[in-house]
Amino acid sequence: MNLFSEIRELVIEQLTAMQAEGTLPEGLDFKNVAVEPPRDALHGDMATNAAMVLAKPAKMKPRDIAEALAAKLASDDRIDTAEVAGPGFLNLRLDAGLWRDLVKSVLETGTDFGRSDMGQGKKVNVEYVSANPTGPLHVGHTRGAVFGDALASLLDFAGYDVTREYYINDGGAQVDVLARSVYLRYLEAHGQEVAFEDGTYPGDYLIPVGEALKDKVGDAYVGQDESVWLAEIRLYATDAMMDLIREDLKALGIEMDHFFSEKALYGTGLIEGAIASLENKGLIYEGVLEPPKGKKPEDWEPREQTLFKSTDHGDDVDRPVKKSDGSWTYFAPDIAYHFDKVQRGYDLLIDIFGADHGGYVKRMKAAVSALSDGQTPIDIKLTQLVKLFKNGEPFKMSKRAGTFVTLRDVVDQVGADVTRFVMLTRKNDAPLDFDFDKVLEQSKDNPVFYVQYAHARVCSAVKKASDAGIDIADATIADADLSLLSDPAEIAVAKKVAEWPRLVEIASRTNEPHRIAFYLYELASEMHSLYHTGKDKPELRFVQEDNPTTTQAKIALARSVAIVISAGLGILGVTPAQEMR
RNA sequence: GCACCCAUAGCUCAGCUGGAUAGAGCGCUGCCCUCCGAAGGCAGAGGUCUGAGGUUCGAAUCCUCAUGGGUGCGCCA
């Protein structure tokens, strides 16, 4: 039940009636008519811009339309008052019963309250993380992982059929580097002195892999040429790394539906097929790229390569799919992978990239546009950098030195819930400061705590009511006499709860899960505010021990807040706290 | 050189499909527990929304240009 869309339907209905009566001309487009919460609560509960939007096409004065519409709306039971204001806004005050019905509805539907059918079951593929299988996930991956996972949950909540997918980059030269690095650790396990030169991965995480390899094959590879062991160890090592990554994801509470291996594309004809598909559209040619202007690489020399005419689909320059030696560039399997996704019949593709991959957005969009003849929309979200702080000092990361901060470093210190929430308190395209101390602080400066505390307070009130022998089961209080909730402070909370379904739709339309986090903060704030009003006004306390009926109504309101917080945190992948410690 | 992202209060950031007097936290100035609901609440000060044009009844939001910051730019993935 979305009150805003319900009232919008009412507005459209009345506008249509006005057309039938001749008050408004025929042929008007109502799509821009909106019903929204007004910026200032003094203006009422909802406002519509209908008169202003329609004034021009109807060739009428906005206020005239507004006056006529106001008269119509005021006759509806649900509308208390409809007032024209400003340039032609129509401010509506709703019957208080609507808010009470809403609370009842929340209790009846539980955390499914706010689920939307706007996705209409459309198939969406959300690809995220997709880190190279060469080591544990680091902080940058963590943000992408949290963002992608929350977005997937959000879209699911909004009625889409969501697939969570991870593309394993296990086909390139970096896995050879991995294999050689593991080989060094393997020799080390046999007691040899080894040196990690540039171009190898020196991280400690490969030590157990080398040891396990020794346990598995004994000394079979010792002193052998690369040709003997490279392919075997590559396979072994990438498997081990993927196990590691799966563990990392699990620590964050993330489970993928599907892992797609780049390696599996080779030798199957899939890459050739995808490129052939582009070729059939006349988008593949042999040519020489212009050198980049300004910062020209010193060793630049013109080379003829196989190019994808991505400029036909919005890119700035055409992109090579083959190196000058005839082998595929990394872009070719990427094209094949996205071709596969298109062919799997998704209605929408979403890719989550790190900010350092911003340069690939246009070419990927161009590829999908070309491969699907513009039929499959793709949205690519970039997650900006995370800056880590501890004791106010920046945390240095250096992958080369093997001392980069891993996902585990973060999750082990602050927990998955805090990690996830904090990473979602910023727009994906804004850089994020992550301070190990601040995120654990128990104060209102810390949104994680603040929201959790609001939920815990409800739990505590519910427990107190229960201890007083009052039946406060959701099923019971859904039928409580909610007309006992009449104080403006209480109605204000109900109104905030009522915004939840609308918020879900906005967040999913824009693919911006951070809006959930901000909304939860606002909702928590309303909750804390009401809670404290009860200090000065005992009649507003949730638990009235001598009055079970009133208590049930008040607990109903509190529970509706807790339910929405649970649902919201659920989308973010955070567990609501029953109590604070 | 080109492309993409960003610029909102002293600081960190929200701001919906373009809507009314641009919001929140921190910090600052006050107020609220003789523990029975202060890990909190209430109030105040603080803004030419980087700048200049444009579109519009209406612009922080859309367009153009400028300035400042970030990221990326064939034979790495």
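A pocket, in these legends, is an open set of points on a 1 Å grid over the protein atoms alone, with protein on both sides within 12 Å along at least five of seven lines; a residue lines the pocket if one of its atoms lies within 4 Å of a point. Keep in mind that all the views come from a predicted model.

**View 1. The second largest pocket, sitting between domain 1 and domain 4.** About 660 Å³ is the volume to picture here. Count round the wall and you get 21 lining residues, with Pro38, Ala41, Gly44, Asp45 and Lys495 lying nearest the centre of the pocket. Why does this pocket lie between two domains? Both domain 1 (3-94) and domain 4 (443-572) give residues to the lining, so the pocket ends up between them. As for secondary structure, β4, α4 (96-109) and α16 (488-498) each put in at least two residues. The largest share belongs to α16, with 5 residues. Sorted by class, the lining comes out as 10 nonpolar, 2 polar and 9 charged residues.

**View 2. The largest cavity, lined by residues that include Trp99 and Leu557.** The cavity count, at a cut-off of 30 Å³ or more, comes to 1. The space inside the largest cavity is about 30 Å³. Two elements, α4 and α16, each give two or more residues to its lining. Here is the full cast around the cavity: Trp99, Arg100, Val103, Leu485, Glu490, Ile491, Ala494 and Leu557. By class, that lining has 6 nonpolar and 2 charged residues, with no polar ones. If α4 and α16 ring a bell, that's from View 1, where each of them supplies at least two residues to the second largest pocket.

**View 3. The four-stranded sheet, in the order β1-β2-β4-β3.** This sheet is open, and its pairing is antiparallel. Out at the edges stand β1 (35-36) and β3 (79-85); each has a single partner strand, so one side of each goes without a neighbour in the sheet. Start with β1, which pairs antiparallel with β2 (residues 46-48) over 2 bridges. Look for valine 35 here, which stands opposite threonine 48 in β2. Moving along, β2 and β4 also run antiparallel, joined by 3 bridges. In that pair, methionine 46 faces leucine 92 of β4.

**View 4. The hairpin made by β3 and β4.** How many bridges hold β3 and β4 together? There are 6, in the antiparallel sense. Leucine 92 turns up again here, as the β4 bridge partner of alanine 82. Between the two strands sit 3 residues, and in this turn glycine 86 has a positive phi of about 55 degrees.

**View 5. The three-stranded sheet, in the order β14-β13-β15.** This sheet is open too, but here the pairing is mixed. Which strands are the edge strands? They are β14 (393-394) and β15 (432-435), each pairing on one side only. Strand β13 (residues 386-390) pairs with β14 in the antiparallel sense, over 2 bridges. To find your bearings, pick out phenylalanine 389, whose bridge partner in β14 is proline 394.

**View 6. The protein surface near RNA strand B.** There are 68 residues around the strand, and Phe89, Tyr360, Gln442, Lys444 and Tyr531 come nearest. Of the RNA atoms within 4 Å of the protein, 58% belong to sugar and phosphate. Elements giving at least two residues each to this surface are α2 (50-58), β4 (89-94), α6 (173-189), α14 (447-467), α17 (500-510) and α18 (514-536). The largest share, 9 residues, comes from α18. By class, the surface splits into 24 nonpolar, 18 polar and 26 charged residues.

**View 7. Polar atoms of the protein beside RNA strand B, starting with lysine 56.** A polar atom in the lysine 56 side chain is 2.9 Å from a phosphate oxygen of the RNA. At lysine 427 a polar backbone atom takes part, lying 3.1 Å from a phosphate oxygen. Arginine 502 goes for a base instead: an N or O atom of its side chain is 2.7 Å from a base oxygen of RNA strand B.

How values were computed
Residues numbered from 1 in each chain as written. Chains lettered and ligands numbered in written order. Predicted model: local features only at pLDDT ≥ 70, side-chain atom pairs only at ≥ 80, totals over all residues. Heavy atoms only, no water. Near = heavy atom within 4 Å. Polar contact = N/O pair within 3.5 Å; in protein donor to acceptor, adjacent residues only side chain to side chain. Nonpolar A, V, L, I, M, F, W, Y, C, P; charged D, E, K, R; others polar. Pairing = 2+ DSSP bridges. 1 Å grid on protein atoms, 1.4 Å probe; cavity = no way out; pocket = protein on both sides within 12 Å on 5 of 7 lines; lining within 4 Å. Points joined across faces, edges and corners; volume = space filled by probe spheres on them. Domains from an automatic or database assignment.
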